[in-house]
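Let's take a walk through this structure, one stop at a time. Keep the 3D view open and follow along.

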Amino acid sequence: MNQYAAMSTKPTAQIICDLRSDTVTRPDAAMRKAMAEAEVGDDVFGDDPTVNRLESTLAERLGKDAGLFLSSGTQSNFVGLLAHCARGEEIVTGRAYHIHKYEAKGASVLGGIAFEPLDVADDGALEAKAIAAAVKDDDPHMPVTRLLGLENTHNGMAIPLTRLGDAVQAGRDAGLAVHLDGARYFNAVAALNCPERALADMFDSISICLSKGLGTPVGSVLVGPRDLIARARRWRKMLGGGMRQAGVLAAAGLYALDQNISRLCDDHTRATALADVLREYGDVQHATNMIFFTPPGGVTADLPQHMAAHGVQLTGATGTTRLVLHKDVTDDGLHAAIDGFRSFFGG
Ligand SMILES: *Cc1c(COP(=O)(O)O)cnc(C)c1O
């Protein structure tokens, strides 16, 4: 079953708890008000004040020169890789990381950039030794290794700063630039309980999603050095990603940076509560806002059907199911999910 089919079980009752992803969050009334009142201009001309403010706010917060507002995390990673690497150059990254596994290998297909995928350790990190061994000598038989791409959180796991630091250092020692796919950057910061900038300081560029746990309808931001962001801006335009009065969308991002970061720990707390219940019924991998649950014999189609009747939406995935907590799952939603699982497994 493809990813999209797996995402769409037909609800049979009113859905009060959608656990398919944190991308399902909807803009609330206050966010919509901020969007409606946004001052706008033509962002391709550089004169949308709200987009400019979003880009500079996030860049400053993370100690970088500049930012770029993009339509999605995939586009943000993609233009980031294109800005780092020329045709015939190579990125070392995790086999299971999003940029390698879930972005249709756009960097290779459209960008002429080669992937060198490495195995991801159990904690979500890449091993420094493996990174060092993957870097190519200057040899016409080989691509030029240019970039190390890391991810945090990975499958919800917040990779500790020391582990990331070792990987980054291996990349730096080999002369590589380092990019972070920080789709859930602020979930990582919340879980690591570190200063916001501590994670960003290790990386040249970072891609951050606004449309997951932060709850905006659309958008990601790439932050990094001025020259890199200028190249990324050109790639974004070439890819058709230059938006005009995008301040309506950027206003949601500014609102989210203000209002929706400190509450991410609530999602982590609710995920812990749900994970504790599910452990009675099967194998549970839980970190930050994500749970991977495998009952004995695996999830079958009757579980999402049963849950849907309790107002709880799961993906249609079988075997292992991924459950994601987010701002639109309230305590009522959480209890509906717990009741649903208990009645399914407990009889
Ligand atoms: C969601 C996600 C992205 C980007 O996804 P889009 O759907 O294109 O916004 C990138 N990396 C990771 C790790 C993600 O979870």
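In which strand is Thr321 found? Keep in mind that this is a predicted model. Thr321 is found in strand S12, which runs over residues 321-324.

Now check how much of that threonine is open to the outside. Thr321 has a relative accessible area of 1%, and since anything under 20% counts as buried, Thr321 is therefore buried. And what does Thr321 touch? Setting aside the neighbours within four places in sequence, Thr321 is in contact with Ile291, Phe292, Phe293, Val299 and Thr315.

Next, zoom out to the annotated domain. The UniProt record, an unreviewed entry, gives residues 18-282 as "domain: Aromatic amino acid beta-eliminating lyase/threonine aldolase". Over that stretch the chain is 43% helix and 15% strand, and the C-alpha atoms at its two ends are 21 Å apart.

Now for a pair of helices. Two packed helices are described by the angle between their axes and by the distance between those axes. Here, helix H2 (residues 29-36) packs with helix H12 (residues 247-259) at an angle of about 135°, and their axes are 8 Å apart. H2 and H12 are therefore oblique to each other, and their crossing is right-handed.

Which residues make the contact? From H2 come Ala30, Met31, Ala34 and Met35; H12 brings in Val248, Leu249, Ala251, Ala252, Tyr255 and Ala256. Sort the residues of this H2 and H12 contact by character and you get ten nonpolar, no polar and no charged.

Conventions:
Residues are numbered from 1 along each chain as its sequence is written. This is a predicted model: local features need pLDDT of at least 70, side-chain atom pairs count only at pLDDT 80 or more; totals for chains, interfaces and linings use all residues. Side-chain values use heavy atoms; hydrogens and water are left out. UniProt positions are given in the numbering used here, feature names are shortened, and annotations may be inferred rather than shown by experiment. Helices (H or I, at least four residues) and strands (E, at least two) are DSSP runs, numbered from the N terminus. Axes are lines fitted to C-alpha atoms, for helices over the stretch in contact, and angles run from 0 to 180 degrees between N-to-C directions. Angles under 35 degrees count as roughly parallel, over 145 as roughly antiparallel, 65 to 115 as roughly perpendicular and the rest as oblique. A crossing is left-handed if the near helix is turned anticlockwise from the far one by less than a right angle, and right-handed if clockwise. Contact means heavy atoms within 4.5 Å. Ala, Val, Leu, Ile, Met, Phe, Trp, Tyr, Cys and Pro count as nonpolar, Asp, Glu, Lys and Arg as charged, and the others, Gly among them, as polar. Buried means under 20% relative accessible area, exposed over 50%, partly exposed in between (1.4 Å probe, protein chains only).
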